[in-house]
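Visitor: I am new to protein structures, and I would like to look closely at just one part of this one. Please choose a single element and take me through it slowly, along with whatever lies around it.

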Amino acid sequence: MAEYFDELGWEPIAVDQTESHQMLLMIRFLLRNGYLAEDSQTGRLPPPASKEVVKNLPEKVVTKNDDRCSICIKPNEDQEVFLVLPCEHGFHKTCITPWLEKTNSCPLCRYELGTDDEEYEEQKKFRKEAARREQDIEELHNSMYVLA
């Protein structure tokens with residue numbers, strides 16, 4: 001083993017430093033895999049929706065009898081343009097565009113649209129996987145106890 005360290009120009013960890021070194025390795029693992037990232041995001045606002053996503057939202061022309069825009073709550077005029085989010089909620093184009101320039105979620109149901117923030121997207125993916133793991137654990141737990 002000494003040849004390995006000599007070859008790389010490294011020194012082995014002293015026995016009294018092993019515990020703190022293992023702790024640092026564990027923290028690095030937790031950070032790299034997103035386990036501590038949620039704590040670091042506390043208080044951070046979600047980023048704006050991706051301009052590409054907003055540009056590709058389907059438009060819908062509404063009439064006076066259709067649902068009102070939940071943002072401005074004004075009665076609809078004939079032939080007004082609504083943008084329809086993936087969650088099927090529709091809003092006046094002039095109302096929802098400024099909203100999505102500030103945040104990436106639907107004002108009614110908080111459905112999250114894609115963003116250009118890679119770090120936020122990674123965290124969103126991690127939260128989704130964590131929720132799926134929790135659901136799998138719950139299903140496994142419930143499957144062990146069959147109710148009569």
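Guide: Let us begin with the words we need: a helix here is a DSSP run of H or I with at least four residues, a strand is a run of E with at least two, and both are numbered from the N terminus. By that rule L8, for example, belongs to helix α1, which spans residues 2–8. Please keep in mind throughout that this is a predicted model.

The protein chain has six helices and three strands, and, read from the N terminus, these elements follow one another as α-α-α-α-β-β-β-α-α. Of its 148 residues, 22% count as buried.

The part I suggest for our close look is helix α5, made of residues 93–100, in which C95, I96 and L100 are buried. If you look down the axis of α5, these buried residues fall within an arc of 115°, so they line one face of the helix. The cover over the buried residues of α5 includes helix α4 (51–55), together with the strands β2 (80–84) and β3 (90–92).

We can now turn to K93, which forms a salt bridge with E59, the closest N and O atoms being 2.8 Å apart. This pair joins distant parts of the chain, since E59 sits in strand β1 (residues 59–62) and K93 in helix α5, with their positions 34 residues apart. K93 is partly exposed, with a relative accessible area of 38%. As a general point, side chains of opposite charge can pair when their charged atoms come close.

Strand β3 is one of the elements that cover the buried residues of α5, and H92 lies in that strand. The relative accessibility of H92 is 6%, and because buried means under 20%, this residue falls in the buried class. Leaving aside residues up to four places away in sequence, H92 touches C69, C72, N76, E80, V81 and F82. With one of these, E80, the contact is also polar, as the two side chains come to 3.1 Å from each other.

Helix α4, which is also part of the cover, carries a salt bridge of its own, in which the side chains of E52 and K55 meet at 3.7 Å, N to O. Both residues lie in α4, three residues apart, which is about one turn of the helix. E52 is partly exposed, with a relative accessible area of 44%, whereas K55 is exposed, at 59%.

The structure holds four salt bridges in total, and another of them lies in helix α6 (residues 118–144), where R132 and D136 are four residues apart and therefore separated by about one helical turn. Their side chains meet at 3.0 Å, N to O, and each residue counts as partly exposed, R132 at 44% relative accessibility and D136 at 37%.

To return to our helix, the picture has two sides to remember: C95, I96 and L100 are the buried residues of α5, while K93 of α5 is paired with E59 in strand β1.

How values were computed: Residues numbered from 1 in each chain as written. Predicted model: local features only at pLDDT ≥ 70, side-chain atom pairs only at ≥ 80, totals over all residues. Heavy atoms only, no water. Buried < 20%, exposed > 50% of the residue type's maximum accessible area, 1.4 Å probe, protein only. Arc of directions from axis to C-beta. Contact = heavy atoms within 4.5 Å. Polar contact = N/O pair within 3.5 Å; in protein donor to acceptor, adjacent residues only side chain to side chain.
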